[in-house]
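Thanks for coming, everyone. Please have a look at the structure on the screen, and then I will walk you through a few parts of it.

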Amino acid sequence: TMINMQSPIYSKSGDAWYMGYMLALSQAAIGADILSFSWGNSEADPDAVQESEEFFKEWANTYPDHLFICSAGNDGKAIDGSRRFPYSYHQPNVITVGCINNDGTLQRDSNRISDTFEVTIGVPGDQVIWGKDDKGRIEDSGGETSMSVPFVTATAALVRSLDPSLDASEIKSLLARTARKSIDIGGKQAAAPKEVGGGILATDLAVAEVIASMKNSTETIAS
């Protein structure tokens, strides 16, 4: 089961109310094990960021099957992890998603990795169809990292549906491991931008690996 956590109204500092919002929604979503966070704050109070770090650590221990998928943000720069809320640096239960263009290049507004900030994987999100405006016209630009997140959320849900035994860290490792390091654009290989993890989500490869693993396990048991 997955749930999309809608963007909250928060103070610029990322204060205790913001943390309380996150905790309340997550507690309400106990029955959901994949949680999509297409929002964040790159100028949060460091104390609030530290609280979110502790939050993820506690949930990794208490609910190891719960996976949080967060947007990297859209400040167009390498981020100071001590100011980014929610905190996601090397957390086993958190995937942070950056944005690339459809041609494999880095989307200019996507946040990038730093020594204190992780971007796990890159996904096209800015040039995808993601809704309609108030006049009914299709929205297919400006989605940025918020619209990159749902692709990862859907892939995580798909592989979990195939193998419910996969915990959060295993799904994160799977998606990072199977991510494409380059893609074919007009007959030429375009390398995945290192600024967003150096890998592009490959749903097909992730699904194929899970199916192969389950098949091998079944054959081993049968023999």
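At the start of helix α2, in what is a predicted model, a side-chain oxygen of D45 comes to within 2.7 Å of the backbone nitrogen of D47. The helix itself covers residues 46–62, and its 17 residues reach 24 Å from the first C-alpha to the last, which is close to the 24 Å expected at 1.5 Å a residue.

Now, which residues of α2 are buried? They are A48, V49, S52, E53, F55, F56, W59 and A60, and because they fall within an arc of 160° when we look down the axis of α2, they line one face of the helix. The face turned away from that buried side carries the exposed residues D47, E58 and N61.

Let me stay with two of the buried residues for a moment. F55 has a relative accessible area of 5%, while F56 has 0%, so each of them falls under the 20% cut-off for buried. F55 and F56 also form an edge-to-face aromatic pair, with 5.5 Å centre to centre and 65° between the planes, and ring pairs link both of them with F37, W39, W59, Y63 and F68 into a cluster.

Finally, the largest nonpolar core has 21 residues, and those touching the most other members are I69, I95, V97, I121, V152 and L175. Apart from that core lies another one, of 14 residues, which includes V49 from our helix as well as F68, F85 and Y87. As a general point, nonpolar side chains in soluble globular proteins tend to be buried together.

Note on methods:
Residues are numbered from 1 along each chain as its sequence is written. This is a predicted model: local features need pLDDT of at least 70, side-chain atom pairs count only at pLDDT 80 or more; totals for chains, interfaces and linings use all residues. Side-chain values use heavy atoms; hydrogens and water are left out. Helices (H or I, at least four residues) and strands (E, at least two) are DSSP runs, numbered from the N terminus. The expected span of a helix is 1.5 Å times one less than its number of residues. Buried means under 20% relative accessible area, exposed over 50%, partly exposed in between (1.4 Å probe, protein chains only). The arc is that of the directions from the helix axis to the C-beta atoms. A polar contact is a pair of N or O atoms within 3.5 Å; within protein, one must be able to donate a hydrogen and the other to accept it, and residues adjacent in sequence count only if both atoms are side-chain atoms. A nonpolar core is a set of buried Ala, Val, Leu, Ile, Met, Phe, Trp, Tyr and Cys residues joined through side-chain atoms within 4.5 Å. Rings of Phe, Tyr and Trp (its six-membered ring) pair if their centres lie within 6.5 Å; planes under 30 degrees apart count as stacked, over 60 as edge-to-face and the rest as tilted.
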